[in-house]
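Dear colleague,

I am passing on the structure we spoke about, together with notes on what turned up in it. Please read the notes with the coordinates open beside you.

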Amino acid sequence: MKRLLIPLPVLAASLLIAACGGGSSSDSGAATAATPPSGGTVAVKSVSGTGNVLVDSSGKALYSADVERNGKVLCTGACTSFWMPLTTDSAKPTGSSSAGTLGVVKRPDGTMQVTAGGRPLYTFSQDSAGKVTGNGFADAFNGHHFKWTVVTAGGKAAATSGGGGGGSGPYGY
């Protein structure tokens, strides 16, 4: 069972920084941590212990939520502090043929989010390039319960080991 354990003060501070857009105009990792990746480029990369997964242009694994299908976007607000939408300025995202069927969906805020097989794609804030730590994670935001799975080559949700997360964790709603 995986649960993200973030102390309430850290969560409050990160939400405040994300809401304010940070206070720095530099390109440091801290200032851009809550900024969704852009460009829409999707590639396939082999990740140890997981196999061939879809990744964004910085090499971070891409995930989908079980409750978001056929262009339905439910991860909004505080959810995007942990699960950052892969957005694009293009109506046609780029990717290798092994990435599967890529498309876009319009998010409630008007941005265009990349999809694979009709499922919106996200990166996980606790991941780094080449690391998959959110596979099987369960949480809840705005009354919706999410189970997140890494997306494998071909645009399919990966199997999770051990039944995944469960519960809402210490944040959400």
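A search of the whole structure, which is a predicted model, finds 1 disulfide. The link joins C75 and C79, with the two sulfur atoms placed 2.0 Å apart, and the angle of -105° about the S-S bond makes this link left-handed. Both C75 and C79 are buried. As you know, such a link is a covalent bond between the sulfur atoms of two cysteines.

The two cysteines also belong to the largest nonpolar core, which holds 22 residues, and they are listed with Y63, W83, F146, W148 and V150 as the members that touch the most other members. At least two residues of this core come from each of strand 2 (51-55), strand 3 (63-65), helix 3 (79-82), strand 9 (122-124) and strand 11 (144-152), and strand 11 gives the most, with 3 residues. Apart from this core lies another one of 9 residues, among them V42, L86, A99 and A116.

V150 is worth following through the chain: once its neighbours within four places in sequence are left aside, V150 is in contact with T50, V53, A61, L62, Y63, V132, N135, K156, A157 and A158. The C-alpha atom of V150 is separated by 9.8 Å from that of F137, a residue 13 positions away along the chain. F137 itself sits in the loop between strand 9 and strand 10, and F137 counts as buried because its relative accessibility is 3%.

Strand 10 (residues 138-141) contains D139, which has a relative accessibility of 1% and therefore counts as buried. Which side chain does the side chain of D139 meet in a polar contact? The partner is the side chain of W83, at 2.9 Å, and W83 is also one of the core residues that touch the most other members.

In the loop between strand 10 and strand 11 you will find N142, whose phi is positive, at about 50°, although N142 is not a glycine. Most residues other than glycine have a negative phi. With a relative accessibility of 42%, N142 counts as partly exposed.

Elsewhere in the chain, strand 6 and strand 7 (residues 112-116) pair in the antiparallel sense over 5 bridges, and in this pairing L102 has A116 of strand 7 as its bridge partner. The two strands form a hairpin with 5 residues between them, and in the turn G110 has a positive phi of about 95°. The side chains of strand 6 (residues 102-106) alternate, in that G103 and V105 point to one face and are buried, whereas L102, V104 and K106 point to the other face and are not buried. A116, the partner of L102, is among the members of the 9-residue core.

Finally, some totals for the protein chain. Its secondary structure comes to 3 helices and 12 strands, and buried residues make up 40% of its 173 residues. Among contacts with a separation of 6 or more, 68% are between residues 24 or more positions apart. The chain exposes about 8,400 Å², of which carbon and sulfur atoms supply 55%.

With best regards

Methods. Residues are numbered from 1 along each chain as its sequence is written. This is a predicted model: local features need pLDDT of at least 70, side-chain atom pairs count only at pLDDT 80 or more; totals for chains, interfaces and linings use all residues. Side-chain values use heavy atoms; hydrogens and water are left out. A nonpolar core is a set of buried Ala, Val, Leu, Ile, Met, Phe, Trp, Tyr and Cys residues joined through side-chain atoms within 4.5 Å. Buried means under 20% relative accessible area, exposed over 50%, partly exposed in between (1.4 Å probe, protein chains only). Helices (H or I, at least four residues) and strands (E, at least two) are DSSP runs, numbered from the N terminus. Contact means heavy atoms within 4.5 Å. A disulfide is a pair of cysteine sulfur atoms within 2.5 Å. Accessible areas come from the Shrake-Rupley method with a 1.4 Å probe; for residues, only the protein chains shown count as cover. Two strands pair if DSSP finds at least two bridges between them. A polar contact is a pair of N or O atoms within 3.5 Å; within protein, one must be able to donate a hydrogen and the other to accept it, and residues adjacent in sequence count only if both atoms are side-chain atoms.
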